[in-house]
Amino acid sequence: MPKAKCRKRGKMLKNALWKIGGVTLGVLALGLAGCEDKQAAPTTAGTDKPAATAKQKTTAAKKAEAPKPAGYKTGDILKYLPAECPDGRLYARLGDIYGLKGVAGELGTLQETMVASLGPESKAKDILKVLQDGGFDPVKTIADTAMCMGANEEPVVVAGLNLGKIKDPLELIATAVEKSGKPKPKIEKEGEIRWMSAGEKDGVIAMLAPNVIAVAKSKAAVVPLSKAAGAAGFKDAAKSLIWASIKAGKATTVDAKLTDKGDNLDIWAAIGMDGPGLDEMKKNPDAFVKQMEQEAAKIGDEMAKTPFKMLAERVKAAKFAVEGDKAIITASVPKTELVAALKAAGQAKPEELMGMMR
């Protein structure tokens, strides 16, 4: 096989494996960054007087106060996603991932590292404190999250929340924004959606339901969500800890699943190709698999030099196969090694993590 083609194929595999790695580890950041969403709003203790009750309802309508939250069922957020996601879809049962032994603690450390890396001039630490004081706890509050990439040329992130005693997530976020030195955002309502924006560059945060929150770049991207029927595109995503179907290039797609198998986490991924790459793979599938195994070994050697060296042997042990127009990758990672990887990420320098993704 010509060296140029080998290098191209190796680069494709490396990008695909990093993409899968990002799905496995990086998606956890969605629970830390994309959902600043909890609040302890004043309780609305009602009065027995009919006139007062009517007045309360009028006031609530004017101020777009939060409706009473109901219990949340994992997977419910999928129906709020757009039907079309041209660049891909991502779903994660964050609550269950946080629940894995040791994960929550290491994610807490990683969160502190990420916030500290922003520097003393950043208001992230102040904002995080307001959220935490208001009752925001990723381990208990974020049940699951999903992302639609490319909808209206804007990514949309939606999260399902177990609110507990938190009455109004938007009010808490508005308070956090105010504490950061900016004007407190106004909470508005349109149809069934309550939303707020801290400015054109800061995007929009909206409550699609009492326990479903969305983050996007503009109001135009979130308003249609309450009527969207996007669950079909996510298929059986809610059955996996992490599920992804993303576009990795003009002629390449990556589908991936992370499932809980007791002591281990099983990874399944399918790289779908088209064009010359597909023709070569079909012509000589055994040679293709051998080349992928060699490239995986090289990637494992590179990973051994990074903070995630404990995963190097798992990459080398990955299994490859050709099924129709797809290259199938399977691997298994002990949960203890996932925790170790998160610990390494929390101790790594930001430039180290960014360098690995190049």
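These exercises, each with a worked solution, walk through one predicted protein model.

The model is predicted, so local features need pLDDT of at least 70 and side-chain atom pairs count only at pLDDT 80 or more, while totals for chains, interfaces and linings use all residues. Residues are numbered from 1 along each chain as its sequence is written, and side-chain values use heavy atoms, with hydrogens and water left out.

**Exercise 1. The overall count**

Task: State how many helices and strands the protein chain has, and what percentage of its residues is buried.

Solution:
- Step 1. Fix the terms. Helices (H or I, at least four residues) and strands (E, at least two) are DSSP runs, numbered from the N terminus.
- Step 2. Count. The protein chain has 15 helices and 12 strands.
- Step 3. Turn to burial. Buried means under 20% relative accessible area, exposed over 50%, and partly exposed in between (1.4 Å probe, protein chains only).
- Step 4. Of the 358 residues in the protein chain, 45% are buried.

**Exercise 2. The sheet and its edges**

Task: Find the order of the strands in the sheet, then explain why one side of β4 and of β11 has no neighbour there.

Solution:
- Step 1. Define pairing. Two strands pair if DSSP finds at least two bridges between them.
- Step 2. Read the order. The open sheet of 12 strands runs β4-β5-β6-β7-β3-β2-β1-β8-β9-β10-β12-β11, with antiparallel pairing.
- Step 3. Look at the ends. β4 (188-190) and β11 (319-323) are the edge strands; each has a single partner strand, so one side of each is left without a neighbour in the sheet.
- Step 4. Check one edge. β4 is joined to β5 (residues 193-197) by three bridges, and the two run antiparallel. Glu-190 has Ile-193 in β5 as its bridge partner.

**Exercise 3. Strand β10 and its neighbours**

Task: Describe how β10 pairs with β9 and β12, and decide whether β10 is largely enclosed or open.

Solution:
- Step 1. Start with β9. It is joined to β10 by 10 bridges, in antiparallel fashion. Lys-261 stands opposite Asn-264 in β10.
- Step 2. Inspect the turn. Two residues lie between β9 and β10 in this hairpin, and Gly-262 in the turn has a positive phi of about 80 degrees.
- Step 3. Go to the other side. β10 and β12 pair antiparallel over nine bridges. Asp-266 has Ser-332 in β12 as its bridge partner.
- Step 4. Conclude. Seven of the 10 residues of β10 are buried, so β10 is largely enclosed by the rest of the structure.

**Exercise 4. Two helices that meet**

Task: Describe the packing of α6 and α8, and sort the contact residues by class.

Solution:
- Step 1. Choose the quantities. Two packed helices are described by the angle between their axes and the distance between the axes.
- Step 2. Define them. Axes are lines fitted to C-alpha atoms, for helices over the stretch in contact, and angles run from 0 to 180 degrees between N-to-C directions.
- Step 3. Read the values. The axes of α6 (residues 124-133) and α8 (residues 169-179) come within 9 Å and cross at roughly 150 degrees.
- Step 4. List the residues in contact (heavy atoms within 4.5 Å). α6 supplies Ile-127, Val-130 and Leu-131, and α8 supplies Leu-172, Ile-173, Thr-175, Ala-176 and Lys-179.
- Step 5. Sort them. Ala, Val, Leu, Ile, Met, Phe, Trp, Tyr, Cys and Pro count as nonpolar, Asp, Glu, Lys and Arg as charged, and the others, Gly among them, as polar. The contact has six nonpolar, one polar and one charged residues.
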